[in-house]
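Thank you all for making time this morning. I would like to walk you through one structure, staying with charged side chains for most of the talk and turning to a nonpolar patch at the end.

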Amino acid sequence: MDEKKFFYEFGKAVYHIDAVYNDFARESGINSPTLLWILYALNDGEAHTQREICVSWDLPKSTVNTVTMELKAGGYVELAPISGKKREMTLSLTAAGKEYAEKLLSDVYAKEAAVFRKLTAKDKEVIGILEKISTLLRESGGEQNG
């Protein structure tokens, strides 16, 4: 397989996975797939900053801020100032937010668990491979051969 065919098939596979998660969001009544990922990120039991979520999930700042403000208005997240930082705050789910996230994400978690049980140790290496491809694509910065 040449590089063009590889990245063609790679793109389709990534898009298909993304579409599955978009369907999860829609079926759960979530109007924005970004909301799904932000709840997913926040539901790990840790406090995060908007900046951390933007960087680790590669989401636009404005989108993360909009979703954060919607979650805050709904009483699902609380923001706390970080000592020594003027504008950055930690985000964490409130008790209502944890309940909301678990309710919305429980089907996703169940489906992921079922898939995970079907994966071999070799299959699970895909995370490292995807991270490597992502890093190399970012580092290539438009390099072209030939």
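Before I name any residue, let me fix one term: a residue is called buried under 20% relative accessible area and exposed over 50%, and anything in between is called partly exposed. Please also keep in mind that what you see is a predicted model.

Let me begin with helix α1, which covers residues 3-27 and holds both aspartate 23 and arginine 26, three residues apart, or about one turn of the helix. The side chains of these two residues meet in a salt bridge, with 2.3 Å from N to O. How exposed are the two partners? Aspartate 23 has a relative accessibility of 30%, and therefore counts as partly exposed, while arginine 26, at 57%, counts as exposed.

The next pair reaches from one helix to another. Glutamate 27 forms a salt bridge with lysine 111, and the closest N and O atoms of this pair are 3.7 Å apart. Because lysine 111 belongs to helix α5, residues 95-118, and glutamate 27 to helix α1, the pair ties together parts that are 84 residues apart in sequence. Glutamate 27 has a relative accessible area of 61%, so this residue is exposed, whereas lysine 111, at 37% relative accessibility, is partly exposed.

A further salt bridge joins the side chains of lysine 85 and glutamate 88, where the N to O distance is 3.7 Å. Here lysine 85 is partly exposed, because its relative accessible area is 45%, and glutamate 88, with 21% relative accessibility, also counts as partly exposed. Elsewhere, Lys5, Glu9 and Lys12 are joined into one network by salt bridges that share partners. If you are wondering how many salt bridges there are in the model, the count comes to seven.

Let me now leave the charges and turn to the nonpolar side chains. Which residues form a nonpolar patch on the surface? They are Met1, Phe6, Phe7 and Leu137, and together they have about 440 Å² of accessible area. One of them, phenylalanine 6, brings us back to helix α1, where this residue is found. With a relative accessible area of 36%, phenylalanine 6 is partly exposed.

To close, I would ask you to look once more at helix α1 in the model, since we met it in the pair of aspartate 23 and arginine 26, in glutamate 27 with its partner in helix α5, and again in phenylalanine 6.

Conventions
Residues are numbered from 1 along each chain as its sequence is written. This is a predicted model: local features need pLDDT of at least 70, side-chain atom pairs count only at pLDDT 80 or more; totals for chains, interfaces and linings use all residues. Side-chain values use heavy atoms; hydrogens and water are left out. A salt bridge is a side-chain nitrogen of Lys or Arg within 4 Å of a carboxyl oxygen of Asp or Glu. Helices (H or I, at least four residues) and strands (E, at least two) are DSSP runs, numbered from the N terminus. Buried means under 20% relative accessible area, exposed over 50%, partly exposed in between (1.4 Å probe, protein chains only). Patches are made of residues with over 30% relative accessible area and no salt bridge: like charges are joined within 9 Å, nonpolar side chains (Val, Leu, Ile, Met, Phe, Trp, Tyr) within 5 Å. Accessible areas come from the Shrake-Rupley method with a 1.4 Å probe; for residues, only the protein chains shown count as cover.
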